There are 2 protein chains.
Amino acid sequence: MTINQDTFTGEYSYSIDAKGRVNIPAKFRQSLAPENDQTFVITRGMDSCIWVYPLTAWQIIEDDLKDLSAISGINRSFIRNTVRYASSVAFDKQGRIMLSANLLDYAQLKNDALIIGMVNKIEIWDPKVLAKVDKQNLEMDSSEYDELADKIIL
Amino acid sequence: MTINQDTFTGEYSYSIDAKGRVNIPAKFRQSLAPENDQTFVITRGMDSCIWVYPLTAWQIIEDDLKDLSAISGINRSFIRNTVRYASSVAFDKQGRIMLSANLLDYAQLKNDALIIGMVNKIEIWDPKVLAKVDKQNLEMDSSEYDELADKIIL
DNA sequence: ATAGATTATGGGTGATTGTGGGTAAACTAT
DNA sequence: ATAGTTTACCCACAATCACCCATAATCTAT
């Protein structure tokens, strides 16, 4: 019954309520390893979406950041921008997390959210934004996409 | 419920009142380890911002300074400039700390402060100054920034 | 098919947080 | 010493959040 811990696949659509809360799919909650303490870290993703990490996965990133020298200005900027929008959230008794106005705005989220398992993390999208971004990526690099498929698909 | 002690992430914006007080985000207060005794050490940061260390973290810096030979003039200058602007502050019952006129001036702070968790320390910025500094850093070293992202982001 | 459990969604309430200001003690400078 | 200024500590209030309960829809197992 137990799949790989901290591994997420599949797509789910939920509504965002007036308080800014979204449900985390029950399957994702169950595959979150117990040492995460029901806690995720949410932050800005690289496209206009929200990234959701299991707490322990995020701590690996933090540990790497600690090793960067503070003398270099570019290092400081990198640390700042990586950590700046991140916050840890535990889901409530109903399995929801609260999204800050800042993140909702960044990901252009209104009432509906599409939650997608990305293997080691989770993405939260506005449906329309996702469609647009994916289309752009495919148009730009379709041959590279096919190469990847050739290497990886069984 | 307990996250990593003395680890800070996220961005918060607060106002600086007429007395020079700023709020320390509740989350940061909670993740400050008890042996710090609700005390931070504030000093000049490397960019035009204020750096805020947990007391115990700062004590490690002081210990390292003690090991530097006082014979070397450059050592003495380094020690002097590292310690010169540092002072320890405990936050009041409302969770605020007082910033000296000297530090406020150095960081060009007026009415609004942006407080950013930088993993093992905290930065206090004027919003406009931060935008300018970050932009400069990115323009100068964008390729190095991308390399860092490639190495560290999961 | 039915009963029981789980899930998704909405709302209520007390506690916490951010912010302003008041007052008395402590400190400075004449 | 005294007047003026600064600091430490206290109280107050509005907004927000964490936590609880309720309900309808969906799933599970017999």
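A residue counts as buried when its relative accessible area is under 20%, as exposed when that area is over 50%, and as partly exposed in between. These words will help us as we walk through this predicted model. Take B:Asp63 to begin with: its relative accessible area is 40%, so B:Asp63 is partly exposed. The side chain of B:Asp63 meets that of B:Lys66 in a salt bridge, at 3.5 Å from N to O. Both residues belong to helix α2 (residues 55–66) of chain B, and because they are 3 residues apart, about one helical turn separates them. B:Lys66 itself is exposed, with a relative accessible area of 64%. Side chains of opposite charge can pair when their charged atoms come close.

Salt bridges of this kind can also share partners. One network built in this way joins A:Arg76, A:Arg80, B:Asp47, B:Glu123 and B:Asp134. Over all chains, the count comes to 17 salt bridges. Let us look at some that link one protein chain to the other.

A:Arg80 is a good place to start. This arginine forms a salt bridge with B:Asp47, and the closest N and O atoms are 3.1 Å apart. The pair crosses between chains: B:Asp47 sits in the loop between β3 (39–44) and β4 (50–54) of chain B, and A:Arg80 sits in helix α3 of chain A. How accessible are the two partners, buried or exposed? A:Arg80 has a relative accessible area of 0% and is buried. B:Asp47 has 10% relative accessibility, so it counts as buried too. A:Arg80 also meets the side chain of B:Asp134 in a salt bridge, again described by an N to O distance of 3.1 Å.

A second crossing pair is A:Arg84 with B:Glu11, where the closest N and O atoms are 2.4 Å apart. Here the link runs from the loop between α3 and β5 of chain A, where A:Arg84 lies, to strand β1 of chain B, which holds B:Glu11. A:Arg84 is buried at a relative accessible area of 13%, whereas B:Glu11 is partly exposed at 22%.

Now step back to the whole meeting place of the two protein chains. There, 35 residues of chain A are in contact with 33 residues of chain B. Together the chains bury about 3,000 Å² between them, and 60% of that area is on carbon and sulfur atoms. The count of salt bridges between chain A and chain B is 5. Residue pairs in polar contact between these chains, with both residues at pLDDT 80 or more, number 16. Which elements of chain A supply at least two residues each to the side that touches chain B? They are β4 (50–54), α2 (55–66), α3 (73–83) and β5 (87–90). The largest share, 11 residues, comes from α3(A). Sorted by class, this side of chain A has 17 nonpolar, 10 polar and 8 charged residues.

Next comes the DNA, beginning with strand C. Of the 22 residues around DNA strand C, those that come nearest are A:Tyr14, A:Lys19, A:Gln94, B:Tyr14 and B:Lys19. Sugar and phosphate make up 53% of the strand C atoms that come within 4 Å of the protein. Individual contacts show several parts of the strand being met. B:Tyr14 has a polar side-chain atom 2.5 Å from a phosphate oxygen, and A:Ser15 has one 3.5 Å from a sugar or linking oxygen. At B:Lys19, an N or O atom of the side chain is 2.3 Å from a base oxygen of strand C. In both chain A and chain B, the elements giving two or more residues to this surface are β1 (11–15), β2 (21–23) and α1 (26–31). By class, the surface near DNA strand C has 4 nonpolar, 8 polar and 10 charged residues.

DNA strand D completes the tour. The residues around this strand include A:Arg21, A:Lys93, B:Arg21, B:Arg96 and B:Met98. Of the strand D atoms within 4 Å of the protein, 20% belong to sugar or phosphate, and the rest belong to bases. A:Gln94 has a polar side-chain atom 2.9 Å from a base nitrogen of strand D, and B:Gln94 has one 3.0 Å from a base nitrogen. B:Lys93 meets the backbone of the strand instead, with a side-chain N or O atom 3.4 Å from a phosphate oxygen. The surface near DNA strand D divides into 1 nonpolar, 2 polar and 7 charged residues.

Definitions and conventions. Residues are numbered from 1 along each chain as its sequence is written. Chains are lettered from A and ligands numbered from 1 in the order in which they are written. This is a predicted model: local features need pLDDT of at least 70, side-chain atom pairs count only at pLDDT 80 or more; totals for chains, interfaces and linings use all residues. Side-chain values use heavy atoms; hydrogens and water are left out. Contact means heavy atoms within 4.5 Å. Buried area is the accessible area (1.4 Å probe) that two parts lose on being put together, summed over both. A salt bridge is a side-chain nitrogen of Lys or Arg within 4 Å of a carboxyl oxygen of Asp or Glu. A polar contact is a pair of N or O atoms within 3.5 Å; within protein, one must be able to donate a hydrogen and the other to accept it, and residues adjacent in sequence count only if both atoms are side-chain atoms. Helices (H or I, at least four residues) and strands (E, at least two) are DSSP runs, numbered from the N terminus. Ala, Val, Leu, Ile, Met, Phe, Trp, Tyr, Cys and Pro count as nonpolar, Asp, Glu, Lys and Arg as charged, and the others, Gly among them, as polar. A residue is near a molecule or strand if one of its heavy atoms lies within 4 Å of it. Buried means under 20% relative accessible area, exposed over 50%, partly exposed in between (1.4 Å probe, protein chains only).
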